[in-house]
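I wanted a quick look at this one before lunch. Notes below, in the order I looked things up.

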Amino acid sequence: MVEEVGKIFVGGLSWTTTEQSLHEYFQRFGDVAKVQIMRDGVTNRPRGFAFVTFEDPEAVIRVQEHGDRERHILDHKQIDPKPALLQGKGGGLLASRTR
């Protein structure tokens, strides 16, 4: 598996978290290029995780360093951002298991 440069997996999201609130939260670490909350294909309800892509890949390091000092809290819930990894043959992205 290969790290997806500049992209993080964000787990543990509140059901009320929006793309806008994710963008605003992660903007403090660097310019956000894209936010995608993953949704159920049938109900369109959020699945509790998202992917955030930064313009500058170094922002992923800043997110991790912040997490080493204090918890990431969004919408009154602790979230779990990790570097995103390309899964390989089948495609798709996964969270890094290295932290």
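These entries go through the core, one strand residue and the salt bridges.

**Ground rules.** I am working from a predicted model, where local features need pLDDT of at least 70, side-chain atom pairs count only at pLDDT 80 or more, and totals for chains, interfaces and linings use all residues. I number residues from 1 along each chain as its sequence is written, and side-chain values use heavy atoms, with hydrogens and water left out.

**Core.** I looked up the largest nonpolar core (buried Ala, Val, Leu, Ile, Met, Phe, Trp, Tyr and Cys joined through side-chain atoms within 4.5 Å). It has 18 residues, and I8, V10, L22, F26, V52, F54 and I79 touch the most other members. At least two core residues come from each of β1 (2–11), α1 (19–26), β2 (32–39), β3 (46–54) and α2 (58–69); these are DSSP runs, helices being H or I of at least four residues and strands E of at least two, numbered from the N terminus.

**I79.** I then listed its contacts (heavy atoms within 4.5 Å). Beyond neighbours within four places in sequence, I79 meets V10, G11, G12, L13, Y25, F26, H72 and L74.

**T53.** Is T53 buried or exposed? T53, in strand β3, counts as buried because its relative accessibility is 17%; the cut-offs are under 20% for buried, over 50% for exposed and partly exposed in between, with a 1.4 Å probe and protein chains only. Leaving out neighbours within four places in sequence, I find T53 in contact with G6, K7, V32, A33 and K34.

**Salt bridges.** I find 2 in the structure, taking a side-chain nitrogen of Lys or Arg within 4 Å of a carboxyl oxygen of Asp or Glu. D56 pairs with R62 at 3.8 Å, N to O; D56 is partly exposed at 34%, and R62 is partly exposed at 33%. D80 pairs with K82 at 3.3 Å, N to O, and D80 is partly exposed at 37%.
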